[in-house]
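Biologist: I would like to learn how to read sheets, helices and unusual backbone angles in a model. Please take me through them one at a time.

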Amino acid sequence: PSVSQTEVSPNTQVMITFDRKIDENKLKNNAFILKDKKKKVSGQTKLSDDKRSIMFTPNTPMLMGIHSVKLLPLKLQGSEEQPCNTFYNRVKAYLCEKLNWFSDDICYENVPIKSKFIKYSFSVADNTANVIALQIVTSSRDLNESQNVPVTVTAFLDDNTTQEVTDKVSWESSSSSVAEVKNNMIAAKNEGSTKLSATCNDAITATLTINVYKTVDGYRLPHEVDESVNNSTLLGIDANNNGIRDDVERWIHLDMKIYNGYERIEKAIAMQGAKANQMTLADPTNKDDKVYKAIKASLDCWVYYAYSRSLPFDDSSEEFDSALDDKVFNTKERLKTYFQYDSTLSGRVFTLTPTLQTKTQCETNIDEL
């Protein structure tokens with residue numbers, strides 16, 4: 001495969017050389033005729049500096065295939081070996097030319113010679129460089145839904161050069177509902193992953209994986225997880241490694257009930273609480289009371305939220321905690337592990353955090369939310 005299989009450089013020349021100089025005063029503009037598939041090729045005809053060669057340069061790239069050349073008879077100058085400035089020598093030159101008299105050293109300087117009609121054919125082969133590899137370049141492989149970014153494709157050729165071929169490749173998407181390429185732009189559509197393939201000349205292909213993510217109020221969510229895979233292990237899937245299981249994180253931002261109208265605050269407290277609950281699964285032994293302190297901090301943050309926003313004394317806090325626990329400890333093994341952690345608190349006495357100090361327990365400054 002090659003970038004072009006139909007043309008060669010317009011700088012290509014066809015040249016015919018004689019052993020004597022061409023009389024440029026007798027040269028006609030249409031003396032040189034080049035044809036491609038019986039169609040005349042336009043171009044420029046000129047003589048070389050030494051006047052012994054006639055050259056034809058096409059105006060446009062020549063097509064691959066058989067070409068025919070015709071050169072009409074030209075006037076050629078005679079020999080330059082000795083001057084022919086007398087009547088006697090001119091007569092000798094004429095007799096030598098017509099009757100083959102006298103010796104070979106007779107001059108022909110002023111006796112023009114007419115060339116024969118020349119006709120021949122030649123073949124133009126594909127001399128363009130072949131593509132050996134492609135590279136897809138874009139500013140980002142992780143896109144938000146409805147985001148568009150430009151994409152370019154560079155071809156690596158077997159002559160150690162490169163060429164941009166973005167307009168010459170064909171595109172395919174393994175999931176066009178996620179993303180596809182249109183007008184040299186990657187158009188992200190819906191959450192998920194897809195593989196984009198660029199193919200040059202139906203032979204050389206390069207691929208690029210695009211991840212399209214969902215955002216809620218500017219917050220980027222992890223991809224939706226396979227529930228069977230996510231629940232097959234105790235800790236589940238945390239692709240963004242923020243300490244919160246991905247299915248819980250998505251639930252908080254997409255489906256969690258908001259109890260008091262302060263959506264951003266309740267989501268922030270839920271994220272802190274989900275992270276603390278996940279710690280019970282990672283360390284049910286509650287080493288150094290780290291798990292307990294994390295869970296208590298998220299509870300204290302709700303207390304400050306209620307105080308700072310003058311929330312009514314109702315059951316919203318308990319309902320909030322219960323819904324979050326149900327989502328985090330959603331399998332038998334996870335619930336069993338939580339009970340192991342809970343047993344570490346048995347028989348102990350705990351002190352409540354003073355209300356005015358509960359603000360320090362919030363991981364997020366909820367006064368700004």
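Modeller: Let's begin with one pair of residues: Gly 43 stands opposite Pro 58 in S5. This is a predicted model, in which local features need pLDDT of at least 70 and side-chain atom pairs count only at pLDDT 80 or more, while totals for chains, interfaces and linings use all residues. Residues are numbered from 1 along each chain as its sequence is written, and side-chain values use heavy atoms, leaving out hydrogens and water.

Biologist: In which sense do S4 and strand S5 pair, and over how many bridges?

Modeller: In general, strands of a sheet pair through backbone hydrogen bonds, either parallel or antiparallel. Here S4 and S5 (residues 53-58) are antiparallel, with 5 bridges. Pairing requires that DSSP finds at least two bridges between the strands. Strands are DSSP runs of E with at least two residues, helices are runs of H or I with at least four, and both are numbered from the N terminus.

Biologist: What is the strand order in the open sheet of 3 strands?

Modeller: The order is S1-S5-S4, with antiparallel pairing. S1 (14-17) and S4 (43-47) are the edge strands; each has a single partner, so one side of each lacks a neighbour in the sheet. The twist averages 15° from one strand to the next, using axes fitted as lines to C-alpha atoms (for helices, over the stretch in contact) and angles from 0 to 180 degrees between N-to-C directions.

Biologist: Which order do the strands take in the open sheet of 4 strands?

Modeller: That one reads S11-S18-S17-S14, and its pairing is mixed. The edges are S11 (142-144) and S14 (169-173), each with a single partner strand, so one side of each has no neighbour in the sheet. Its twist averages 30° from one strand to the next. S11 and S18 (residues 204-213) run parallel, joined by 3 bridges, and Leu 143 stands opposite Val 212 in S18.

Biologist: How many residues of H4 are buried?

Modeller: H4 is mostly covered, with 15 of its 20 residues buried; buried means under 20% relative accessible area, exposed over 50%, and partly exposed in between (1.4 Å probe, protein chains only). Length is a nice check too: the expected span is 1.5 Å times one less than the number of residues. For H4 (residues 263-282) that gives 28 Å, and the end C-alpha atoms are 29 Å apart, which agrees.

Biologist: Where is Asn 184?

Modeller: Asn 184 lies in the loop between S15 (179-182) and S16 (185-188). Its phi is positive, about 60°, although Asn 184 is not a glycine. With a relative accessible area of 28%, Asn 184 is partly exposed.
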